[in-house]
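The following exercises are to be worked through with the sequence and the coordinates at hand. Each task is followed by a solution in steps.

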Amino acid sequence: MGNLVKEHCLDCTHLSIQQDGEEYTIGDPVLGEFIRVPDVAADVVRGFDGEKTIEEVKESVEAKYGEEVDVLDFAETLLEMGLILKINGVVLNEEVDREVNPRLQKAGSILFSKPLMMFYTLSAVAAVFLIAYSPSLFPSFRDVFLFESVGLSAILILLTISAATIIHEFAHVLAANRLGVKTKVQLNLRMIFLVAETDMSGLWSREKKERYTPYLAGMAWDGVMILACLLVQLFVPIAFIVSFAQMVTFFLLFGVISQFVIFLRTDMYFVLINWVNTSALHEHSLVLLQKIFLRKRQDEWQRLAPHEKKHAKWFSVLYMFGGAVATFLFVYFQILPSLYGLQQAFENMTQHTFTNLYFWDGILVIVALLIQVAAWLIGLRTARQERQSNQAVSA
Ligand SMILES: [Zn+2]
């Protein structure tokens, strides 16, 4: 603290300044560091052009707003957050790479051009109509085991899920890079589901309406892949290829339906908070749900503004809908296939002796399932610890 003096010239021209409702989101799209500020702070940041001193910026915003503004203190905050590019012409973080990969940007502008976006939308609509028209196309959990060897099926499932995940995340990466926004793909745990996610926080530097395409890009490609798999099931006469398409459809549908469990902060969650301009929606909805079901946090709810209450109400309804969807997903797409796999493995083990490969195939499946259960329990413990430490902080 206290490194800056009022004679310093600051350069914040690399920061993006976006109006979001009545406030402004300013930040560094490359570092993914953003803050919400009132309009006076946005004017201060615009003033840091690398030529004016802190004192000069202070004078001009105070003249505009007719009140005293502590520009030096705000500048210290920006410095702590790493949001200042240069002080007196000297670059602070030279090692930060600010260029997006031109190949990714080029590919993104081709694959997320207007005509192709139209094609993705039509594909999704067509897929929904096909399943509605012919419900037998909706995959059953029995479809996921392609081989008599459950172990071999499990390996194919793992490869399929990995490939589908990479394609989905790559869509986000391309659509964000098309707008000149750098991305980072990472693994994370949400409740019981292990998820891959693309960090697109740099999108806050773009206009609100431009953010929808990168948020929806993953689902757009999922939709095309689902349609392709459905068409294979309808028109390809080769049994194994049809079975494979059914298995892929199963996992793609699981992915797309999961997006509607918005409390897991899925792609649909980001679409919604972008639409209503508030990142506090999640917190406000939790306050409402806890007030209704646990009779807690009454005071906090009373303090919210009327429009915040309104958003929180309909968002809570979506949360409960998401809860129902999550239960269905967990039972239909995870419990049922696991039980079915276990039953097959158990049959293989009881019908064969340990000199037979099928016996060991069964052992392999059971070991794999036990590892998954263990991973879940570890995730559960982490989530509980996080919740406890959060409560300790807020109490
Ligand atoms: Zn996604």
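**Exercise 1. Annotated spans**

How far apart do the end C-alpha atoms of residues 314-337 lie, and what percentage of the span is helix?

Solution. The model is a predicted one.
Step 1. The end C-alpha atoms of residues 314-337 are 34 Å apart.
Step 2. Helix accounts for 100% of this span and strand for 0%.
Step 3. Residues 314-337 belong to the annotation "transmembrane region" in an unreviewed UniProt entry, which also covers 116-134, 154-175, 224-242, 249-266 and 357-378.
Step 4. For residues 249-266, the end C-alpha atoms lie 20 Å apart, and the span is 56% helix and 0% strand.

**Exercise 2. The chain as a whole**

Describe the overall dimensions, secondary structure and burial of the chain.

Solution.
Step 1. Along the principal axes, the C-alpha atoms fill a box of roughly 85 × 50 × 45 Å.
Step 2. The chain contains 13 helices and 9 strands.
Step 3. It has 395 residues, of which 30% count as buried.
Step 4. Among contacts between residues at least 6 apart in sequence, 66% connect residues at least 24 apart.

**Exercise 3. Two domains and their contact**

Into which domains is the chain divided, and which strands each supply at least two residues of the side of domain 1 that touches domain 2?

Solution.
Step 1. Domain 1 comprises residues 9-91 and domain 2 residues 102-394.
Step 2. Their C-alpha centres are separated by 38 Å.
Step 3. Domain 1 contributes 10 residues to the contact, and domain 2 contributes 10 residues.
Step 4. On the domain 1 side, β2 (16-20) and β3 (23-28) each supply at least two residues.
Step 5. The largest share of that side, 3 residues, comes from β2.
Step 6. By residue class, the side of domain 1 that touches domain 2 has 3 nonpolar, 6 polar and 1 charged.

**Exercise 4. The sheet of three strands**

What is the strand order in the open sheet of 3 strands, and which residue is the bridge partner of Gly27 in β4?

Solution.
Step 1. The order is β2-β3-β4, and the pairing is antiparallel.
Step 2. β2 and β4 (33-37) each have a single partner strand and stand at the edges, so one side of each lacks a neighbour in the sheet.
Step 3. Neighbouring strands of this sheet are turned against each other by 25° on average, direction ignored.
Step 4. The antiparallel pair β3 and β4 is joined by 5 bridges. Gly27 has Phe34 of β4 as its bridge partner.
Step 5. Helix α1 (residues 39-47) lies across β2, β3 and β4 and runs at about 35° to β3.

**Exercise 5. The sheet of four strands**

Which strands stand at the edges of the open sheet of 4 strands, and which strands does helix α2 touch?

Solution.
Step 1. The strand order is β5-β1-β6-β7, with antiparallel pairing.
Step 2. The edges are taken by β5 (49-53) and β7 (90-91); each has a single partner strand, so one side of each is left without a neighbour in the sheet.
Step 3. Within the sheet, β1 (residues 9-11) and β6 (residues 86-87) run antiparallel and are joined by 2 bridges. Leu10 has Ile87 as its bridge partner in β6.
Step 4. Helix α2 (residues 54-65) packs on the sheet and touches β1 and β5. The direction of α2 makes about 80° with that of β5.

Key:
Residues are numbered from 1 along each chain as its sequence is written. This is a predicted model: local features need pLDDT of at least 70, side-chain atom pairs count only at pLDDT 80 or more; totals for chains, interfaces and linings use all residues. UniProt positions are given in the numbering used here, feature names are shortened, and annotations may be inferred rather than shown by experiment. Domain bounds come from an automatic or database domain assignment. Two residues are in contact if their C-beta atoms, placed from the backbone, lie within 7 Å. Ala, Val, Leu, Ile, Met, Phe, Trp, Tyr, Cys and Pro count as nonpolar, Asp, Glu, Lys and Arg as charged, and the others, Gly among them, as polar. Two strands pair if DSSP finds at least two bridges between them. Axes are lines fitted to C-alpha atoms, for helices over the stretch in contact, and angles run from 0 to 180 degrees between N-to-C directions. A residue is buried if 20 or more other C-beta atoms lie within 10 Å of its own, exposed if 12 or fewer, and partly exposed in between; C-beta atoms are placed from the backbone.
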